[in-house]
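Got your viewer open? Load the model below and we'll walk around its ligand, one selection at a time.

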Amino acid sequence: MPIPEVEKIWMDGELVDWKEAKVHLLSHSLHYGSGVFEGIRAYETSRGAAVFRLTDHLKRLFRSAAIYRMPIPYSLEELVEATKVVIRANGLKSCYIRPIAFRGYGEMGLHPHGSPVNVAIAVWPWGAYLGEEGIKNGVRAKISSFRRNDPNAIPPAAKATGQYLNSILAKMEVTEAGYDEAILLNQHGYVADGAGENVFVVRNGYLYTPPISSGALEGITRDSVIRIAEDFEIPFRERELVRTDLYHADEAFFTGTAAEIVPIREVDDRPIGEPGPITRRIQEKFFAIVKGQDGEYEHWLEYVD
Ligand code: PY5
């Protein structure tokens, strides 16, 4: 699906027209993947657009940049404000937000320090990444034959542009075989995460997700689900998972900003079944929170106006 165009994109401190938001062909990051990015969502609430955990997402952007020793020439506060500015400029009530900091046009050697760090924030209306149908009835997942990039090769702890080649290989493999989403194992064979989501399973009333050390991204939605589960007093453990933990799950689901909370109804052609009660409860709570209908989690919403 093509990206729905809106009016403006924030680029290096200015609002530029959507069609003019261009970079040079010889930008370092285009050749070597030397960029870091975020995926954030703003939701429509009764008090206007609210960005879900905006500051937490932007903090992760700075952590990603630090791994690659990329100095972002703006403060956290400036990028929080810039995000609100670009949402307002486009008059959006809800949207997906894609901040990116990347090594731009400067030098072509691998050492990145001779290339400037450019920063941009784009926003556009983006529906459910794995489909509305997926959120309702669940998706069919398949474990990819491609393993998650190793922490000592390309650290999954950063959300860097180049590392997504790994997810792209996995995504293509499984979707072209007729599945909805890929799950990646790490180099030791333990479950890491989805192509663009964290993975949770429920068994005998316990909720499990792989630890960050398994190669999972430190997802903001993952963290939100863990806190919701604590509030519901659903027993939770971070634990290394093998593929059969997915096959034996009573319930399973993906979490992510683009995907939101998506039940998994099948893994590798082994049925898990219809979305279960714990998945449903967490999903309902999550959507109430992001839409500003849950006072308890008000602090996770950063209002645009
Ligand atoms: N794991 C991976 C590999 C991810 O890319 C993402 C987010 C997550 C987990 C979930 O993290 P969070 O809950 O903080 O979003 N993926 C991006 C997103 O915007 C890009 C998807 C195309 O959801």
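A pocket here is an open set of points on a 1 Å grid over the protein atoms alone, with protein on both sides within 12 Å along at least five of seven lines. A molecule sits in one if more than half of its atoms lie within 2 Å of its grid points. Select the ligand: it sits in the largest pocket.

Before going on, note that this is a predicted model, where local features need pLDDT of at least 70 and side-chain atom pairs count only at pLDDT 80 or more, while totals for chains, interfaces and linings use all residues. Numbering runs from 1 along each chain as its sequence is written, and side-chain values use heavy atoms, without hydrogens or water.

Next, show the shell, meaning residues with a heavy atom within 4 Å of the ligand. There are 21, and the closest are Tyr96, Tyr164, Ile220, Thr221 and Thr257.

Now colour domain 1 (8–124) and domain 2 (132–290), bounds taken from an automatic or database domain assignment. Both give residues to the shell, so the ligand lies between them.

Finally, pick arginine 60: one of its polar side-chain atoms is 2.8 Å from a ligand oxygen.

Note on methods
A polar contact is a pair of N or O atoms within 3.5 Å; within protein, one must be able to donate a hydrogen and the other to accept it, and residues adjacent in sequence count only if both atoms are side-chain atoms. On a 1 Å grid over the protein atoms alone, a cavity is a set of points where a 1.4 Å probe fits but cannot get out, and a pocket is an open set with protein on both sides within 12 Å along at least five of seven lines; lining residues have an atom within 4 Å of a point.
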